[in-house]
Amino acid sequence: MIAQIETIQAVDNLESLLEVPFDFYLVGPYDLSSSLLRPGQFDDKLFINSLNKIFETIPRSQSGIFLPTKQFFDLPYKPAFIIWGLDTNFLINSIGQLDL
């Protein structure tokens, strides 16, 4: 099972989440930034502090992150797994390749 950490409530309750035997804990940056009322502001101090708390609390071997943009490639964290890209990016790029 995978827990998705996508809200400030999840960040505030990380210790409780760790009591549930999840296999992995996946961070969703877009949803998390929106929950912090800073949608897409990935360089915002509150967002960065939230990421720091997550990756300082969750064991590395159980941590993962969804990377919506290349901006995240320079993260100081090295999670166990990374999911990269957006479905919409795939669709937009694919539509551009259609011979219409």
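**Exercise 1.** Find the residue in β3 that is the bridge partner of L26, and then place strand β3 among its neighbouring strands.

*Solution.* The bridge partner of L26 in β3 is G64. This is a predicted model, in which local features need pLDDT of at least 70, side-chain atom pairs count only at pLDDT 80 or more, and totals for chains, interfaces and linings use all residues. Residues are numbered from 1 along each chain as its sequence is written, and side-chain values use heavy atoms, with hydrogens and water left out. Next, strand β2 (residues 24-27) is joined to β3 by three bridges, and the two run parallel; strands count as paired if DSSP finds at least two bridges between them. On to strand β4 (residues 81-84), which four bridges join to β3, again in parallel. There, L67 stands opposite W84.

**Exercise 2.** Work out why strand β3 (residues 63-67) is largely enclosed by the rest of the structure.

*Solution.* Begin with the term: buried means under 20% relative accessible area with a 1.4 Å probe, counting protein chains only. Five of the five residues of β3 are buried, so the strand is largely enclosed. Then separate the two directions: S63, I65 and L67 point one way, while G64 and F66 point the other way, and all are buried. In a regular strand, side chains alternate between the two faces of the sheet.

**Exercise 3.** State the order of the elements in the chain.

*Solution.* The chain has five helices and four strands, where helices (H or I, at least four residues) and strands (E, at least two) are DSSP runs numbered from the N terminus. From that end, the order is β-α-α-β-α-α-β-β-α.

Notes. Buried < 20%, exposed > 50% of the residue type's maximum accessible area, 1.4 Å probe, protein only.
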